[in-house]
Each structure stands twice: as structure tokens, then as C-alpha cells.
Amino acid sequence: MSRPRALENIRVVDFSWVRAGPWATRWLGAFGAEIIKIEWPENERGRLPSTTTPQSLEVNLNTSGNFNDTNLNKKSLCLNVRSAKGLEIVKRLIAISDIVIENFSSRVLQKWGLGYQELCKVKPDIVYVSMSGYGHTGRHHHYTTFGPVAQAVSGLTYISGLPDKPPAGWGWSYMDDTGGMYGAMSALTGLYHRNMTGRGQHIDLSQMVASVPLNGPALLDFTVNGRGSRRAGYPPGNRAHWPGTPLVNNYRGPTVAPHNAYRTHPGEYNDWCVIVCYSDEEWQRLVQVMGGPAWASSPKFATVIGRLQHQEELDEQIEAWSMTLGKYELTQRCQVAGVRALPVQSAEDRVEHDPQLRHREMYLAMEHPALGLHKVQSAPFKLSETPASNHLTSPLIGQHTREIVEGLLGFSHEELRAGFADGTFWPTKRARFPYMEEMLQ
Amino acid sequence: MSEAQPLPSPLAGLRILELADETGQFCGKLLGDLGADVVKIEPPGGERNRHVGPFLDDIPHPERSLSFWYYNTSKRCITLSLETADGRGLFRRLAATSDVILETFRPGFLASLGLDYDSLSLQNPRMIMCSLTPFGQTGPWRDYLSSDLLHMAAGGEMASSGYDQADAPNAPPIAPGGGNAWHMGGHFAYMAIMAALVHRTVAGQGQYIDTSIHEACALTTEAAIANYIYRGEVVRRQTGRHHAAGPTPRTQFRAKDGSYVCALVGGRLNPKYIGELADLLDSYGMAGDLRDPKYKDPAVIAANTSHIIDDLVANFIASLPAEEVYHAAQDRGFTWGVVRAPEALLDDAHLHDRGFWKEVEHPELGRSFVYPGEAAIYNGSPWRISRRAPLIGEHNIEIFGDELGLSRGELSILAENRVI
């Protein structure tokens with residue numbers, strides 16, 4: 001590959017597991033950093049349990065589909081860092097690295113002798129990013145999170161749903177994805193600062209705390225105006241405003257109607273389209289797209305206040321029309337006329353039917369030694385000089401142990417063999433994968 | 001003041017020009033709160049997001065939009081019409097000494113003014129330009145209109161979020177609120193800009209970045225894509241919990257005070273967990289039959305999953321205020337949380353310990369207001385809000401006059417001609 005990489009010659013020691021931390025280092029890897037994932041099969045969480053192993057394969061440490069997509073662009077070093085020998089080896093690695101990332105509960109790495117102060121002794125300008133549930137500072141630092149818990153405690157769950165129903169929340173760990181974003185953003189920011197000043201630092205990132213600023217306008221409405229979110233008509237489902245409740249902004253842009261999801265033909269589970277009109281002019285364009293039906297010419301729909309007041313009737317009428325069209329056809333008819341509309345898309349829709357994502361090469365296939373040929377997700381940004389790319393499939397567990405121990409750290413092959421024999425590079429009582437036997441030849 | 005100077009923030013010394021609407025202002029805020037000098041360039045009269053509510057005291061005014069306030073902290077503002085020749089000339093002068101230009105115009109607009117990356121980089125090859133647009137610069141949808149709701153639909157967020165049939169029959173897929181499509185796009189754009197900045201510290205060269213919000217959203221549904229690619233499964237929506245190929249036990253329980261608790265129990269039930277759960281429930285005298293030795297047998301646990309979750313855990317939570325369940329459970333090592341309305345965060349002692357809430361002064365109002373602060377604590381170069389959102393053209397004199405050397409007379413003429 002002739003193109004330079006943005007993070008050429010940057011090495012990351014990656015202690016992260018499950019989703020948020022690995023999602024962070026995946027992107028650093030896509031920018032060309034060498035990501036060395038430190039793993040240990042006895043307490044692995046991320047490869048197992050797997051609910052994304054193809055039906056045709058045995059579930060084992062190397063066959064999780066979601067692990068593959070989350071851990072592209074990395075190498076795997078199997079190392080028992082809770083042994084004195086393993087600890088020495090990982091410090092030797094950190095001494096020649098730029099960034100350490102970990103997403104253990106607070107204090108865990110400190111207890112292992114791998115806290116920030118300790119690592120400054122072996123690498124004074126290390127950029128050390130901790131991604132924990134509640135952060136290392138504050139009285140609840142020992143509390144733990146998964147995405148849904150961070151979302152609940154921070155207010156993100158509450159702002160999703162229909163009025164007078166339980167919160168609908170987020171149907172996935174949004175804060176694992178987004179916590180990963182903040183991990184990568186923090187590592188890059190710390191790295192930039194190091195390159196400019198020569199100084200590293202510790203970045204104490206909390207998944208729960210990082211969720212809170214995502215509610216900014218709702219929080220300011222409370223701290224400035226004293227208006228809380230426990231109120232009639234909030235959250236307003238997919239609408240900007242719930243009919244029959246006081247007119248207030250609900251923190252998703254201008255308060256307008258139509259602003260909703262509508263069923264489309266043939267009415268299956270994900271046959272929905274969303275339509276939004278930001279002005280009277282856009283509304284009139286929608287009326288034209290709908291064929292200028294008589295009901296739409298009523299004066300009560302001519303103004304934004306009127307459309308908000310008669311939103312129930314408006315939405316019923318629009319849906320009667322939207323049910324006659326498939327969601328992609330409806331989208332195209334609206335958009336060519338200058339009306340805001342897009343289909344609700346399942347994963348299958350995005351991978352198979354979205355013409356924009358296809359054009360942008362969002363899903364390209366890569367061959368994985370255990371999983372075979374499958375599509376993986378590309379980057380959402382195109383850099384003209386240093387493009388991000390997926391250049392490695394996810395590592396098999398311990399796949400690069402020899403390369404790193406002998407090639408990078410300069411241990412002899414005999415020392416590698418000794419490390420396998422004494423349980424430093426793989427548990428002595430655990431069956432080895434065939435590629436480990438090969439590496440010991 | 002004799003105290004030592006505060007540590008500089010990590011992006012101190014960087015000059016960013018922000019030409020951004022609602023889609024990109026959050027990315028600009030991140031850059032500004034992390035220390036860059038972000039100069040927001042608005043059209044004369046102000047940017048349209050100044051008209052998005054809620055407003056201070058519910059009085060609509062372009063200087064009173066709380067949404068604008070929130071997303072434009074730590075920025076300065078100049079007004080400038082790029083559709084005038086004078087405006088373009090001034091913009092070129094600013095671009096010549098800037099590190100990053102963040103822009104959210106429709107594809108092709110800056111090129112039509114001769115202000116695209118290829119033109120501007122001739123005079124400043126170190127400059128990085130990031131376009132952050134709904135669909136990117138290419139492809140069949142590149143000129144499509146969008147909104148936050150539209151992105152949550154096409155990006156897959158809605159297909160994953162909604163209700164169990166029992167909770168809300170025939171409910172539509174639900175788009176989580178708060179404008180998170182712009183957050184998703186902003187996070188990825190920030191990341192790409194930082195990668196380009198790091199590269200520039202080594203190579204000395206800038207570059208152009210084309211970021212797509214649709215792609216950012218499509219990347220932000222955790223394992224939904226993997227479920228489809230590796231197993232052909234399309235996930236179903238469930239109330240307050242993960243999408244899944246098949247139904248999973250509920251995780252959201254109503255507490256005594258009407259709030260909900262997120263209690264992740266299903267899928268975790270084993271004899272050890274049952275013992276810990278019995279301890280938790282027993283501390284309130286509500287362990288029921290959980291101490292029965294029969295629960296040493298995983299098969300018995302499996303057969304009683306519904307009893308444990310829907311009777312014992314649900315009744316326990318229903319008997320207590322949600323905050324009490326949250327702290328009692330977390331203190332015993334349970335990864336449970338309270339479902340809070342955002343305003344409840346103001347009472348969170350942990351956030352106060354972290355110095356999370358920030359008093360931000362609005363000197364023109366003679367008041368200060370509490371803002372949410374930073375996602376992370378940087379021990380060597382702080383992430384912090386440096387100032388409230390700028391007023392319209394607040395820094396015109398500072399930047400056009402003091403920096404570019406325009407006279408007051410010239411500024412007056414430019415204002416009269418709607419250039420600034």
C-alpha cells in the first residue's frame with residue numbers, strides 16, 4: 001500500500017474488551033496505528049458468549065461475527081499480565097508504545113501494577129485512556145455499567161418513547177458505540193497534544209458521564225428555565241410535538257408537522273417511512289407528491305400551527321397515502337420533489353438495499369480464517385491523503401504472540417516456548433489452537 | 001491574581017473556521033471545549049439555529065436559543081456573507097491562516113464560490129477541510145434533504161428501538177430523541193479531523209475529509225449489522241432493552257415512585273447470581289423463595305426464570321423508590337441503573353464530585369447558568385467550556401479589525417452592504 005497512514009508508526013497497547021473499548025481501537029487501527037490487543041482466554045469477554053456465530057460453525061473464541069467487526073485492524077497477544085513475568089513483558093511493550101487503552105472497572109489496572117503513575121516510569125509521555133463505567137474520580141467510581149445502564153442513569157433512555165408509556169429507550173448499547181467514539185477521540189486528542197508538547201497524560205473517561213452532555217438542550221431547559229422533562233407530551237414519540245399538550249420545543253430541532261413515521265406497503269415489520277416538513281412550502285410540495293388530495297387543501301393544514309393542532313388527522317391522512325407505496329419508492333418520489341423523507345431501514349435493508357451505502361462502499365467483504373468471507377463495515381469518512389481502511393480481519397486469539405514476543409520485543413524462540421510451558425502465553429491446561437502449535441515449531 | 005496559569009487545553013493554538021448548521025455545530029463545540037479557537041462564521045443577521053427553541057424564559061429571540069447556546073460554547077462569532085465578493089475575499093484571508101475548516105454546506109456549494117478545498121489549499125497546504133454532510137459528497141442520495149428523524153430511520157436506529165406488543169400494541173419504531181444523528185456525525189467527524197491533525201504534526205500536510213452522517217448513523221447500532229451478516233437475522237424491537245432476533249426477558253421495572261429501574265437479570269441467572277440476588281432482596285426482607293436449595297440446580301433456575309424476574313425482582317423494585325434500588329444494587333455489585341429524567345442528574349453526587357456541572361457566565365445578561373461539562377477528565381490539558389456561545393457578530397471588530405486590520409470605516413461599509 002503506497003498511501004501514507006494517519007497514525008503511521010503509532011503503537012497502541014489495548015487492554016480493552018467487550019464492546020466500547022474495542023470499538024475505540026478498531027478506528028485507531030483503521031487509521032494505521034498498530035493495535036496490540038492483550039488477551040487472556042480464561043477471562044475473555046467479547047469473543048464469548050457469541051450470538052453472532054454463523055449457524056454452520058462451532059461457537060468458539062474465534063467464531064464471533066460481532067467480535068470480528070469490532071476488532072478489525074488489530075493484532076492479538078495472549079499474555080497473563082497477572083503473573084510477574086507477564087507484567088514485565090507488557091511493561092517492555094508499553095515502553096515502546098504510544099497509547100494505552102483500557103476499559104476495566106476503575107482501580108483494576110492499578111491493582112495489577114499498570115496504573116498511570118506506574119506506566120509513566122517506563123514511558124513518561126504515554127497517552128493513557130481509561131474507559132470505565134463511572135470514571136476513576138467520584139464517589140461511585142466502583143459502580144459498573146453496560147450500555148443500557150449508562151443510558152438509563154444519564155437520562156438518554158428517558159428521552160426515547162411515547163408519552164404515557166414506559167420509556168422505549170435505545171434498542172442497543174448506544175453508549176458502547178458512543179463510549180468507543182469518545183475513547184478513540186480522547187486517544188487522538190491526547191496524541192495530538194503529545195506530538196505538540198512532548199507530554200502524555202491520563203484521560204479518565206466515563207461511559208455514564210459521557211452520556212449526559214448528549215442531553216444538553218433538555219438540561220439547559222431545566223437549569224435555565226426550570227422546565228423538566230417529566231411533563232405532558234414528553235417524550236413525543238417520533239413527533240416534534242404531541243398533540244393536545246402545551247406547545248414547547250422537545251429538543252429535536254424545529255417544532256413542525258408532519259414529523260412522524262408512517263406505514264408503507266406492504267405493511268411488514270419494517271415497512272415504515274419518515275416524513276418531515278420544515279416549512280409551509282415543503283408541506284405544499286408533499287401535497288403535490290400525494291396527488292393534491294382534497295383533504296390536504298383544508299385551511300386547517302395550511303399553517304404550521306394548524307398542522308400541529310390537527311396532527312392526529314394529518315398523520316392518519318398521510319398514512320392512508322403512504323400505505324399505497326413501498327418505502328423506497330415513497331422516498332424517491334418525495335426527495336425528487338424536495339420533500340424530506342427516508343425509509344426505516346433494518347440491518348438487511350442497509351446492507352442489501354440502500355443505494356447510497358452501496359455507492360459509498362460501506363460494506364466490503366474480507367476473508368477471515370475461521371469465519372470465511374463476510375462483509376465488514378467501512379469508515380464514514382474519506383480522507384484524501386490518509387484514507388482509513390480495514391486492512392486486517394480480527395485476530396484469532398493469540399495469533400500474533402510469536403510476532404510480537406520474538407519480532408517486536410526480541411525474545412528468543414526458546415523463551416517463547418518456555419512462556420507457553422509456564423503459562424505466560426497460554427494457560428497450560430487449556431488446549432491450544434493448531435496455529436499455536438505451528439508457532440512453537 | 002497570583003495563582004499559576006491554568007493548564008492549556010489539548011487543542012490550544014489551533015484555529016478552526018466553522019461554517020456549520022445544526023448538523024455540524026456539535027463537532028465545533030467539541031473542538032472549542034477542548035481548546036481550539038473556533039471562529040463560527042454566520043450569515044449577516046445570524047444562523048438559523050438561533051431560531052430553534054427552547055428560548056430563555058420562553059421569549060423567542062436569536063440571542064436566547066438554549067439549543068444554540070448549548071451547541072456553540074467556546075466559540076467566537078463573525079458574520080460574513082460568502083455570496084459577496086468582499087465576503088469571499090475576507091474568508092480567503094482567514095482561511096490562509098487557519099488549521100481546520102469545518103463546513104456543512106450542500107455538496108458543491110463552496111466549489112461554486114471558488115472556496116473549495118482545492119482552491120483554498122493552494123494558499124495554505126497545511127489546512128484541513130472537513131465536510132460533514134447528511135450523505136457525503138458523492139452517491140445517489142448526496143442531494144437528498146434530511147433531518148435528525150430521517151437519519152434515525154435510514155441509519156437503523158428506529159428499526160432497533162420501540163416497544164413490546166404488550167406495552168404499546170402496534171407502536172411504530174421509535175426514534176430516540178435529543179438530536180443524536182448530529183452527535184453521531186459529529187463524533188466521527190471529530191475523530192477524522194484529529195487523525196488528520198496528528199498526521200500533519202508528522203507530515204506537515206493538510207487534507208480534505210468527506211464525512212457522511214448517514215454512514216455514521218448506520219455504524220451506530222452495535223451488533224444489528226453483525227446479526228444480519230453472520231446469521232441472516234433481522235432483529236425485533238423490545239421495550240427499553242436490546243433488539244434481538246427472538247424475545248428476551250424484560251429489563252425495565254416500575255418502582256414505587258413511578259420511575260423505572262433498568263435491571264439486567266435475564267441471561268445472567270446462575271446459582272452464584274441467585275445467591276447474590278437473594279442477599280440484595282433479603283436486605284429488604286423480600287427474598288421470597290430464593291434461599292431454597294433447589295436453586296443450586298441451573299435447570300431449576302431456568303424453569304423458574306419468569307418467577308424470579310416477573311415476581312421476585314419486579315415486586316422488589318415495585319416496593320422501593322427507583323434511586324434506592326439503584327444504589328442498593330450497585331453497592332452490591334449489580335449492574336443496574338435508575339431510568340432518570342435528565343433533570344435528575346443535577347442531584348447526582350458523583351457528577352458533583354467530578355466537577356461536571358459548569359457555571360457559564362452570560363455577561364450581557366448579568367447572569368450565569370449551569371451547563372453540562374465534559375465527558376472525560378484530562379489530567380494534563382483540561383477539557384473545559386471557555387465561554388458562552390457568542391452573540392451575533394460579537395467578534396467582528398476583534399477579528400476583522402484587530403486581526404485582519406480593517407478600519408472602522410471599512411467595517412461600517414461592509415455592514416451597510418450586508419457583507420458582515
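How many of the residues in chain B are buried? Buried residues make up 54% of the 420 residues there, where buried takes 20 or more other C-beta atoms within 10 Å of a residue's own, exposed takes 12 or fewer, partly exposed falls in between, and C-beta atoms are placed from the backbone.

Before you click around: this is a predicted model, in which local features need pLDDT of at least 70 and side-chain atom pairs count only at pLDDT 80 or more, while totals for chains, interfaces and linings use all residues. Residues are numbered from 1 along each chain as its sequence is written, with chains lettered from A and ligands numbered from 1 in the order in which they are written.

**Stop 1: each chain on its own**

Keep chain B selected. Its C-alpha atoms fill a box of roughly 85 × 55 × 45 Å along the principal axes. Show it as a cartoon and you get 17 helices and 14 strands; helices (H or I, at least four residues) and strands (E, at least two) are DSSP runs, numbered from the N terminus. Of the contacts in chain B with a separation of 6 or more, 66% are between residues 24 or more positions apart. A contact here puts two C-beta atoms, placed from the backbone, within 7 Å.

Now switch to chain A. Its box is roughly 85 × 50 × 40 Å, again taken along the principal axes, and its secondary structure comes to 18 helices and 12 strands. Of its 441 residues, 56% count as buried. Among chain A contacts between residues at least 6 apart in sequence, 67% join residues at least 24 apart.

Try colouring chain A by domain: domain 1 is 11-212 + 360-440 and domain 2 is 238-263 + 272-343, with bounds from an automatic or database domain assignment. Their C-alpha centres lie 44 Å apart.

**Stop 2: a sheet finished off by chain B**

Select β3(A), β2(A), β1(A), β4(A), β5(A), β6(A) and β14(B): in that order they make an open sheet of 7 strands with mixed pairing. Strands pair if DSSP finds at least two bridges between them. β3 (75-78) of chain A and β14 (376-378) of chain B stand at the edges with a single partner strand each, so one side of each has no neighbour in the sheet. On average, neighbouring strands are turned by 20° against each other, direction ignored.

Zoom in on β5 (residues 127-132) and β6 (residues 201-206) of chain A, which pair in the parallel sense over 6 bridges. Within that pair, Met131(A) stands opposite Leu205(A).

Next, add the helices. α1 (residues 20-30) of chain A lies across β1 (11-14), β2 (34-39), β4 (99-102) and β5 of chain A, at about 150° to β4(A). Such angles run from 0 to 180 degrees between N-to-C directions, with axes fitted to C-alpha atoms, for helices over the stretch in contact. α7(A) lies across β4, β5 and β6 of chain A plus β14 of chain B, at about 165° to β5(A).

**Stop 3: a sheet finished off by chain A**

Which strands should you select here? The order is β12(A)-β6(B)-β5(B)-β4(B)-β1(B)-β2(B)-β3(B), an open sheet of 7 strands with mixed pairing. At its edges are β12 of chain A and β3 (75-79) of chain B; each has a single partner strand, so one side is left without a neighbour in the sheet.

Look at the join between chains: 3 bridges link β12 (residues 381-383) of chain A to β6 (residues 208-212) of chain B, running antiparallel. Lys382(A) has Asp210(B) as its bridge partner, and Phe381(A) stands opposite Thr211(B). α8(B) packs on this sheet, touching β12 of chain A along with β4 (100-103), β5 (128-133) and β6 of chain B, and its direction makes about 165° with that of β5(B).

**Stop 4: the whole contact**

Select everything that touches across the chains: 129 residues from chain B and 131 from chain A. On the chain B side, the largest share, 16 residues, comes from helix α8 (residues 180-203). By class, that side has 73 nonpolar, 41 polar and 15 charged residues. Ala, Val, Leu, Ile, Met, Phe, Trp, Tyr, Cys and Pro count as nonpolar, Asp, Glu, Lys and Arg as charged, and the others, Gly among them, as polar.

**Stop 5: an enclosed helix**

Finally, pick helix α6 (residues 147-154) of chain A. Why is it largely enclosed by the rest of the structure? Because 8 of its 8 residues are buried, among them Pro148(A), Gln151(A) and Ser154(A). The cover includes α7 (174-197) and α8 (207-211) of chain A, together with β8 (241-244), β10 (260-263) and β11 (336-339) of chain B. Step just past the helix and Gly155(A) takes a positive phi of about 95°.
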